[in-house]
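Thanks for making time this morning. I would like to walk you through a few local features of one model, so please have the sequence and the structure open as I talk.

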Amino acid sequence: MGDEMRYLNTIIVGSGAAGLSAAVQLKRRGVDNILVLTEGLAMGTSINTGSDKQTYYKMALCGSNSDSPVEMARSYLSAGSTHGDLALVEAALSLRAFFNLVELGVDFPRDRWGRFVGYKTDHDPATRATSVGPYTSREMCLALIREMRRMKIPIEEHRFVHKLLTANEDGRKRVCGVLAVDPEGEQHLYAAENIVFAVGGPGGLYQHSVYPAVHSGAVGVALEAGATACNLPESQFGLASVKFRWNVSGTYMQSVPTFISTAFDGCSERREFLAEHYDGADTLCSDIFLKGYQWPFQAARAFSGSSRIDLFVYLETEIRKRRVFLDFRVNPSGYDPAALMPEARAYLNRSGAHQATPLARLRHMNPAAAQLYLEHGIDIENEMLEIAVCAQHNNGGLAADHWWESVDIKHLFPVGEVNGSHGVARPGGSALNAGQVGALRAAEFIAARYSNPTLDQRKVESIGGQALTECREFLARCRNARVSQPELLRELRSRMSRAGAHIRVEGTLSEAVSEARELWHRLDSDGCALKDAAETTRVLSLRQLSLAHLVYLESILYYVRQRVGSRGSALVIEDGSNIGDLKSRHVVPEDVTFRDKILESRYECGRVQQRWVACRELPVGDTWFETVWAEYRSGGIYH
Ligand SMILES: Cc1cc2nc3c(=O)[nH]c(=O)nc-3n(C[C@H](O)[C@H](O)[C@H](O)COP(=O)(O)OP(=O)(O)OC[C@H]3O[C@@H](n4cnc5c(N)ncnc54)[C@H](O)[C@@H]3O)c2cc1C
C-alpha cells in the first residue's frame, strides 16, 4: 500500500439504504469532502433482501384517525427497553424521510386523491405501514444510488473497513479515521473528522440466518474500538427458507402448507411432525395461517399461540437433528377450511382462496410468491421447501444519542441496523425508517457542528501507522496458522444458533461463552490460515465476527442470569429442563421491571463490561412556537 493517508471530512462506511441516504443528506447540506467506502453497492441486506410485502413504517397519512409523533413514539415504546427521545425522533422524522424517498422515485402506492394508503403491521395500532412490494429496501437503494451518482458523490467499492482509528480529545475518545483492505489484500488508510458507520446488522453471526449470504456486518469493528452497544440480546427470529434465504411469512403461511420433517438425508422417514403436538388439525391449521402475519417468533405466543410452530420446528431441527420442509402440494392431514378459526376463514373467503391445494391457494392469492422460488431454482410444484427458524434482525446494536452520535466515541455515527435504537419489539417496517431517520440526523448534526477541520493530521498519521503495524503483525501470525477461516466461521455460527438464538438456557450459554472467549483469544494471538493475500478480507472479517460473537453471547448470558426472563423473540428455559419435552412450566417468565432499563455492553481491556441504564423518558418539551424558533435560530438544538 501507499502508507499515505487521505483526509476527508466524513467517511460513510457501507452502502445499504442507511449509508447511501447519509451520503446524499450530507452532500445536500454542503458537506462536500465525503467518501463512501463499501464492500460493494451490490452487497449488504437492503439491496439483497425482501419479503412477501416488505414494509416501511411511517406516521399514518390516510384514513380518518389522527396520528402524531408522540402517538407513534408510544408504539415504539410499548414493548419496553427503548429510549423515549430516540422513539420520538424516529416518529417525528418519519414523514420527512419517507417523502425524501418518494421524491427520489420510490413508488409508494397512493390513491387518486394523493393519499398514501397504509396497512397495519405487527406492533402497529394505526395502519402506518406501506410497501412497494417484495423489494422495498432494494428500490430504496436503487433510488438513492441514482441520486448519489447524480450528485457525483465519490465512492470506493471493494473496501472492507476492519479498524476504526481513535484518538483522545479533551479526555474523551473520538474517531479519526479507518483502515480498510481491498480484495488483493492491500491496506488503505483514511483520516476523517467523522465516520458514519452504516455496516448493517450482524448477518454473519448465525448458522440459521435469513440475512443475505453476502452480508456479514461489521459491528465487531466498532466493539473493538470500544464503542458501547445496547440491547444486544434483543433480536428477531422467524421461519425462513434456507436454500434461498427468504421469510416464509404472509401468503406462504396463509395458504396453509403442510409441515414435513425427514431424516437428515432429506427424504427418508417423512413425517407430519406438528400433528403430534396438537390436539386437532383445526387448531394446528389455524396456527399455521396466523404465522402469516405473526411472523417473528414471540415468547408470549410460544405455548398457546402461533409461535408454537417455530418452537416445534426448532425441536425437530436442533434437538432431533431432522430436517423440516414445507410441502405446498398437499393439505395438512385433516385440513378443513370450514373448521378454521373465524379470522382465517374470513380472510380466505374474502380472498377467494378455496382452491384444493396450498400451492393453488398461494398462486391465487399471490402469484409472485410462488414464482419467486422458481426464479431462485426451487420449484415448489415438484419439491418441498426446506425451512428453519432463522435470525433476521437485531433490535440492539451500537448505543447512540438523539443525533445518532455514539454515546462514548465522539464523531462516530452508527446509523441503520447497526444502531441499536429499538427495544424488545418494534413495529414491522421500523428498521427501514430508522435507517433513513438516523442518516438524516447524523448528516444534519455533522453539517451544523462538525464540518470544520479539527484533526491534528500528524497525530492521526501516527495512529494510522500504529494500526497498520498491528494489522501486519496479525496477518504475519496468520501465515503460520493451520486452522482455516471457514472452519472457525462454522464453529462460531453454530455456537450462536445453538446458544444465542431464540431458545436460551443458562448452562448452554455459559459453556458457549467460555468457548467463544477461547476462540477470540486464540484467533487474536495465533491467527487463522491465510494462504494468499486474496483471503485477507475474509480473515479480517472473521476476526471482527469472532469478537462480536463473544460480546453478544456474554450479553445474552448476563441477561439470562439477571432473570430478565422470556420476552420479545427469546424464550429463556430453566437450566436442566428437558428441551425435547418443553412445557410452559420450564420457562422463565418475563420480569417486567426490566422494561424500563437498557442493557449496555462494552468491550474494554479484554473484558465485556455490562450495565443497566434507565430508559430515557419520552421528551415532553416546550413546543411553544416562539421558544422553539429562538432555540432553532441560535443553533441551540445541536447542543
Ligand atoms: C429477510 C429480511 C426481511 C426484512 N424485512 C424488513 C421489512 O419488511 N421492513 C423493515 O423495516 N426491515 C426489514 N428487514 C430489515 C432491513 O432490511 C435491514 O435492517 C436494513 O435493510 C439494513 O439496512 P442498513 O443500511 O443498515 O444495512 P445494509 O443494507 O446491510 O448495508 C450495510 C452496508 O455496509 C457494507 N459493509 C458492511 N461491513 C462493511 C465493512 N466492514 N466495510 C465496508 N463496508 C461494509 C455492506 O456491504 C453494505 O453495503 C428485513 C431483513 C431481512 C433479512
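Helix H2 (69–77), helix H3 (84–92) and helix H18 (625–633) each supply at least two residues to the lining of the second largest pocket, and I should say at once that what we are looking at is a predicted model. Of these contributions, the one from H3 is the largest share of the lining, at four residues. The volume of this pocket is about 690 Å³, and among its 21 lining residues the closest to the centre are Leu88, Arg441, Pro619, Val628 and Ile637. If we sort the lining by residue class, we find 12 nonpolar, five polar and four charged residues.

Let me turn to a pair of helices. Two packed helices are described by the angle between their axes and by the distance between those axes. For helix H4 (residues 94–103) and helix H13 (residues 430–449), the axes come within 9 Å and cross at roughly 100°, which means that H4 is roughly perpendicular to H13, since angles of 65 to 115 degrees are counted that way. On the H4 side the contact is made by Ser94, Arg96, Ala97 and Leu101, while H13 brings Asn433, Gln436, Val437, Leu440 and Glu444. Taken by class, the residues of this contact are four nonpolar, three polar and two charged.

The remaining points concern loops. Asn480 sits in the loop between helix H14 (457–479) and helix H15 (485–499). Is Asn480 buried or exposed? Its relative accessible area is 68%, so Asn480 counts as exposed, the cut-off for that word being over 50%. Asn480 also has a partner to look for in space, namely Leu530, which is 50 residues away in sequence and yet 7.9 Å away from C-alpha to C-alpha.

Finally, please look at two backbone angles. His158, in the loop between strand S5 (155–156) and strand S6 (160–169), has a phi near 60°, a positive value in a residue other than glycine. With a relative accessible area of 48%, His158 is partly exposed. Arg563, which lies in the loop between helix H17 (536–561) and strand S19 (571–573), likewise is not a glycine and has a positive phi, of about 60°. Arg563 is partly exposed too, and its relative accessible area is 40%.

That is where I will stop, and I am happy to go back to any of these places on the screen.

Methods:
Residues numbered from 1 in each chain as written. Predicted model: local features only at pLDDT ≥ 70, side-chain atom pairs only at ≥ 80, totals over all residues. Heavy atoms only, no water. Axes fitted to C-alpha atoms, helices over the stretch in contact; angles between N-to-C directions. Parallel < 35°, antiparallel > 145°, perpendicular 65-115°, else oblique. Contact = heavy atoms within 4.5 Å. Nonpolar A, V, L, I, M, F, W, Y, C, P; charged D, E, K, R; others polar. 1 Å grid on protein atoms, 1.4 Å probe; cavity = no way out; pocket = protein on both sides within 12 Å on 5 of 7 lines; lining within 4 Å. Points joined across faces, edges and corners; volume = space filled by probe spheres on them. Buried < 20%, exposed > 50% of the residue type's maximum accessible area, 1.4 Å probe, protein only.
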